[in-house]
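Reader: I'm new to this structure and would like a close look at a single part of it. Could you pick out one helix and walk me through what surrounds it?

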Amino acid sequence: MNSVPLTGKVALVTGASRGIGRACALALADAGATVAVGYGASPQAADEVVGLIRSQGGRAAPLGADLADMAAAGALVERTVAELGGLDIVVNNAGITRDNLAVRISDAEWDLVLAVDLSAAFRICRAALRPMLRQRGGRIINISSVAGVTGNPGQANYSAAKAGLIGLTKALCREVGSRGITVNAVAPGFISTDLTAALGGETLDAAAAAVPLRRLGTAEEVAAAVRFLALAEASYITGHVLHVDGGLAA
Ligand code: NAP
């Protein structure tokens, strides 16, 4: 197999400054892709990811945008094409939580989570499909969550957004399959990142105990699934939700 199978491809990864997105950016770059390293509030972390990719002989550029700002979300695609010369792979990874019991979720907490986790992904897909339809090919990979598959108490906003990403994935797969574009979702379970660190040790221990594999996953394990879905080997997989959760949703 070609050791740099994505040579000549351009990938946009949102939320690539930290956690799962960072691991995805590094994995796609390792496979030869040029990577737009999307970030929101962490420009230094994004610069560090870009530096790491360049130090390994790859091509990357940092692209900042607050994905709560809908105009900025769509513009991210145009900036990727302008700065990196095309767009072949999109990983909609940026995400936030504002956890609370449903009766206590404010309108602002609902709207913000839906905006960043779902609406921004839709706008990025819509903008990315223009060049992908023209070139009759492309890969869209939406990072959903086990919460979007099974629901999670205390996460009505997040679960709704992540379930929405799965619906978006399946609808788009049917719309654009005839043009050689695949659209898939990856649904991670409990993965060790800043997002889950905020839950605290005891909660994480209980979470790990509920996982058939009895541990949290790593960002690299999610990135390996994303990398696979971007490769030619995955050319007949579309509309799929790939669980990377240690069996949590089995
Ligand atoms: P993380 O460590 O908290 O990183 C979140 C990323 O999203 C950061 O790069 C952050 O960039 C970016 N981001 C957040 N708000 C943004 C905004 N308004 N505009 C632009 N970028 C923004 O999270 P993670 O754990 O890696 O999660 C990545 C994805 O996987 C999310 O969609 C999450 O829902 C999903 N997921 C995670 C887990 C898990 O257990 N960790 C499980 C299931 C699904 P800046 O720091 O630059 O703002």
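Author: Let's start with the record. UniProt, in an unreviewed entry, lists residues 9-189 as "domain: Ketoreductase". Keep in mind that what you have on screen is a predicted model. Over residues 9-189 the chain is 52% helix and 18% strand, and the C-alpha atoms at the two ends of that stretch sit 29 Å apart.

The part I'd pick is helix α6, residues 156-176. One reason to look there is again in the record: the unreviewed UniProt entry lists Y158 as "active site", and Y158 lies in helix α6.

First, the helix itself. α6 has 21 residues, and at 1.5 Å a residue they should span 30 Å; the end C-alpha atoms are 30 Å apart, so the expectation and the model agree.

Now, which residues of α6 are buried? They are N157, Y158, S159, A161, K162, L165, I166, L168, T169, L172, C173 and V176. What do these buried residues pack against? Their partners are the helices α4, α5 (146-150) and α7 (194-197), along with the strands β5 (138-143), β6 (181-188) and β7 (241-244).

Let's zoom in on Y158. Its relative accessible area is 10%, and because buried means under 20%, Y158 counts as buried. If you skip residues up to four places away in sequence, Y158 touches I96, T97, V113, D117, S145, A147 and L195.

Next to look at is S159, also in helix α6. S159 is buried too, with a relative accessible area of 10%. Leaving out neighbours within four places in sequence, S159 is in contact with A147, G148, G151 and N152. So what turns up beside both residues? A147 is on the contact list of Y158 and also on that of S159.

α4 was one of the partners of the buried residues of α6, and that helix deserves a visit. Helix α4 runs over residues 107-135, and its 29 residues should span 42 Å at 1.5 Å a residue; the end C-alpha atoms are 40 Å apart, which agrees. There is a bend in α4, of about 45°, at A115.

What happens just after α4? R136 takes a positive phi of about 55° there, which is a positive value in a residue other than glycine. R136 is placed in the loop between α4 and β5. Is R136 buried or exposed? With a relative accessible area of 53%, R136 is exposed. You can find another case at R214, where phi is near 60°, again positive in a residue other than glycine. R214 lies in the loop between α8 (201-210) and α9, and at 58% relative accessibility R214 counts as exposed.

β6, another partner of α6, leads us over to helix α1, since the buried residues of α1 pack against β6 as well. The other partners of α1 are β1 (10-13), β2 (34-39), α2 (43-55), β4 (89-92) and α9 (219-230). In α1 itself, the buried residues are I20, G21, A23, C24, A25, A27, L28 and A29. The twelve residues of α1 (residues 19-30) should span 16 Å, and the end C-alpha atoms are 17 Å apart, which agrees. Just after α1, G32 takes a positive phi of about 105°.

On the other side of α1 in sequence, T14 lies in the loop between β1 and α1. T14 is buried, with a relative accessible area of 3%. Residues more than four places away in sequence that T14 touches include G21, G38, L67, L76, V91, N92, N93, A94 and I124. For G38, 24 residues apart in sequence from T14, the C-alpha to C-alpha distance is 4.3 Å.

Finally, step back to the whole chain. How many helices and strands are there? The chain has nine helices and seven strands. With 250 residues, a compact globule would have a radius of gyration near 18 Å, and the chain has 17 Å, which agrees. The C-alpha trace spans about 45 × 35 × 35 Å along its principal axes. Of the 250 residues, 49% count as buried. Among contacts with a separation of 6 or more, 72% come from residues 24 or more positions apart. As for the surface, the chain exposes about 11,200 Å², with carbon and sulfur atoms supplying 53% of it.

Definitions and conventions:
Residues numbered from 1 in each chain as written. Predicted model: local features only at pLDDT ≥ 70, side-chain atom pairs only at ≥ 80, totals over all residues. Heavy atoms only, no water. UniProt positions renumbered as here; feature names shortened; annotations may be inferred. Helix = DSSP H or I, 4+ residues; strand = E, 2+ residues; numbered from the N terminus. Expected span 1.5 Å × (residues − 1). Bend = angle between axes of the 7 residues up to and from the residue. Rg over C-alpha atoms; globule rule 2.2 N^0.38 Å. Buried < 20%, exposed > 50% of the residue type's maximum accessible area, 1.4 Å probe, protein only. Contact = heavy atoms within 4.5 Å. Areas by Shrake-Rupley, 256 points an atom, 1.4 Å probe, with all protein chains shown as cover.
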